[in-house]
Amino acid sequence: MTADVIVVGAGPAGAATAILLAEHGLSVRVVDRARFPRPKICGEYLSPEAPRLLDRLGALKPVDAVARPLAGMRITAPDGRVLVGTYRRIDSWQPYREHAMAIPREALDAILVDRVRALPVELGEQVRVTDVIVSGDRVVGVEAIDGDHRRLTLRAPLTIAADGRASVIAQRLGLRRAHRLQRMALVTYVEDVADLGRYGEIFVDPPDYAILNPIAPGRANLSVVVPMAHAVPWSARLDAFFDARVKQLHHLARRVAGARRAAPVRAMGPLAYVVDPPRAGGVLLVGDAAGFFDPFTGEGIFSGLRSAELAAETAVHALRRGDVSAQALAGYQRARRLAFADKERVTRALQFVIGHRALANLAARLLARRPRLLDVLLGVIGDFVPPRALLTGILGR
Ligand SMILES: Cc1cc2nc3c(=O)[nH]c(=O)nc-3n(C[C@H](O)[C@H](O)[C@H](O)COP(=O)(O)OP(=O)(O)OC[C@H]3O[C@@H](n4cnc5c(N)ncnc54)[C@H](O)[C@@H]3O)c2cc1C
């Protein structure tokens with residue numbers, strides 16, 4: 001079968017794109033190098049707007065059965081000041097659900113792949129894409145190797161690169177660049193944590209930060225983000241480095257005293273990288289394949305799903321018109337900018353604040369006096385309040 005679209009990667013961005021394209025009646029072939037369910041290093045937090053997209057994809061019901069609702073975030077500043085913000089309606093901005101969610105990625109990603117399986121989509125697991133096929137100014141397909149080590153050539157008018165942070169497609173097209181923010185995440189699970197409730201917990205302690213995300217009773221995902229240079233010398237002894245680092249983060253250390261690490265520490269870094277838009281036609285990049293900054297604001301999955309929505313809109317129009325040139329696909333980049341640029345500015349500003357002890361303490365003092373502003377900030381981070389609301393919030397409305 002010759003497909004209209006090849007989707008490379010069946011993580012949240014790829015699965016969502018495949019579902020939306022198949023629902024438009026397009027023939028879709030999805031390949032992933034993994035077999036699902038598969039693990040994924042992640043903080044396992046879903047922002048309160050992600051359920052809107054999951055509902056659209058027919059995946060919210062099974063997600064609800066597994067996920068734990070998070071009413072808000074509890075943030076501990078470097079000086080120990082604790083801020084508690086909730087996800088709630090702000091003026092006319094109503095979140096799809098008045099809570100975020102904690103959900104193991106193995107479960108979330110498998111649910112989305114099950115939705116793909118339920119549709120007339122050809123899904124190839126354990127198929128690793130090794131290269132893109134370019135003809136003139138177009139990507140016309142990919143080379144791959146299947147689970148039996150057979151070489152495959154897959155051709156289609158449109159290729160969706162949803163192959164995550166190590167995207168072979170972005171690399172082969174020469175689009176991926178390093179970012180100057182050099183950080184590494186260390187992720188594990190902890191058990192027997194006292195008083196794990198309905199809040200995610202963030203500990204800001206420059207140059208590090210940590211996030212404790214309660215994914216099951218007594219069990220939490222614990223992610224610690226540190227400067228890359230501090231972690232690299234310890235790469236052979238990550239567990240020891242992680243334990244020592246947690247001890248140095250005094251407020252976190254007190255919080256998890258009595259808890260035990262229940263899984264090996266997994267590391268990922270450098271976290272941030274930049275991906276330029278493709279100059280060739282016949283290809284769209286979604287999710288992490290299109291770039292990543294930092295997990296602090298926990299919007300990666302939401303952004304992946306949202307970028308899938310935007311890519312599917314552009315793809316459907318382009319394929320119907322029979323024009324998949326770079327120019328015909330450029331609307332996707334414009335839509336991405338509109339959807340993400342303001343939020344990216346907020347995310348970068350926040351990175352600056354949490355990277356400086358005095359500034360982080362000052363921000364915490366300000367937010368403690370202005371609880372509404374904290375909820376507005378959570379709404380912006382949670383993707384249901386537009387970033388401009390922060391300006392009116394800060395200026396004192
Ligand atoms: C430490 C850390 C913590 C994070 N915490 C959060 C969080 O709490 N909440 C949140 O929303 N986001 C978080 N993120 C971001 C989030 O994990 C990503 O944004 C999200 O997974 C992107 O989805 P994706 O589908 O683009 O990529 P992925 O989920 O990475 O999926 C890519 C898929 O492509 C497949 N693939 C890769 N290469 C090939 C190939 N050559 N051939 C075939 N298949 C291939 C992979 O097997 C994989 O299934 C975190 C990121 C990091 C690094």
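Welcome to the tour. Begin by selecting helices α1 and α9, which cross in the right-handed sense. Keep in mind as you go that this is a predicted model.

**Stop 1: the α1–α9 pair**

Helix α1 covers residues 12–23 and helix α9 covers residues 300–321. Look along the pair: the angle at which α1 and α9 pack is about 35°, and their axes lie 8 Å apart. Now show side chains at the contact. On the α1 side you will find P12, A13, A16, T17, L20 and L21. On the α9 side, the residues they meet include I301, G304, L305, A308 and A315, and S307 and E309 are also among them. Colour this contact by class and you should see eleven nonpolar, three polar and one charged residues.

**Stop 2: around the ligand**

Stay with these two helices and bring up the ligand. Both α1 and α9 supply at least two residues of the shell around the ligand, and so do the strands β2 (28–32), β9 (128–135) and β14 (183–191). Which element gives the largest share of that shell? Select α9, which contributes four residues. There are 39 residues around the ligand in total, and the ones that come nearest are G9, G11, G43, G287 and G300. Try colouring the shell by class as well: 21 of its residues are nonpolar, ten are polar and eight are charged.

**Stop 3: the loop after α9**

Next, follow the chain out of α9 and click on G322, in the loop that leads from α9 to α10 (326–354). Is G322 buried or exposed? G322 counts as exposed because there are 8 other C-beta atoms within 10 Å, and 12 or fewer is the cut-off for that class. For a sense of distance, draw a line from G322 to I169: the C-alpha atoms are 23 Å apart in space, and the two residues are 153 apart in sequence.

**Stop 4: strand β5 and its partners**

Now select β5, residues 72–76. Four of its five residues are buried, so the strand is largely enclosed by the rest of the structure. On the antiparallel side of the story is β6 (residues 82–86), joined to β5 over five bridges. The two strands make a hairpin with five residues between them, and in the turn you can pick out G80, with a positive phi of about 95°. Strand β15 (residues 199–205) also pairs with β5, this time in the parallel sense and over five bridges.

Zoom in on I75 for a good view of both pairings. I75 stands opposite L83 in β6, and I75 also stands opposite I202 in β15.

**Stop 5: a three-stranded sheet**

Move on to the open sheet with the order β3-β7-β4, where the pairing is antiparallel. Its edge strands are β3 (45–46) and β4 (68–70), each paired on one side only. Between β4 and β7 (residues 100–102), count three bridges. To find the register, select L70 and look across to A100 in β7.

**Stop 6: helix α12**

Finish with α12, residues 371–381. How many of its eleven residues are buried? The helix is mostly covered, with nine residues buried, among them L373, D375, L378 and I381. Step just past the end of α12 to D383, where the backbone takes a positive phi of about 70°.

Definitions and conventions: Residues are numbered from 1 along each chain as its sequence is written. This is a predicted model: local features need pLDDT of at least 70, side-chain atom pairs count only at pLDDT 80 or more; totals for chains, interfaces and linings use all residues. Axes are lines fitted to C-alpha atoms, for helices over the stretch in contact, and angles run from 0 to 180 degrees between N-to-C directions. A crossing is left-handed if the near helix is turned anticlockwise from the far one by less than a right angle, and right-handed if clockwise. Two residues are in contact if their C-beta atoms, placed from the backbone, lie within 7 Å. Ala, Val, Leu, Ile, Met, Phe, Trp, Tyr, Cys and Pro count as nonpolar, Asp, Glu, Lys and Arg as charged, and the others, Gly among them, as polar. A residue is buried if 20 or more other C-beta atoms lie within 10 Å of its own, exposed if 12 or fewer, and partly exposed in between; C-beta atoms are placed from the backbone. Two strands pair if DSSP finds at least two bridges between them. A residue is near a molecule or strand if its C-beta atom, placed from the backbone, lies within 6 Å of it.
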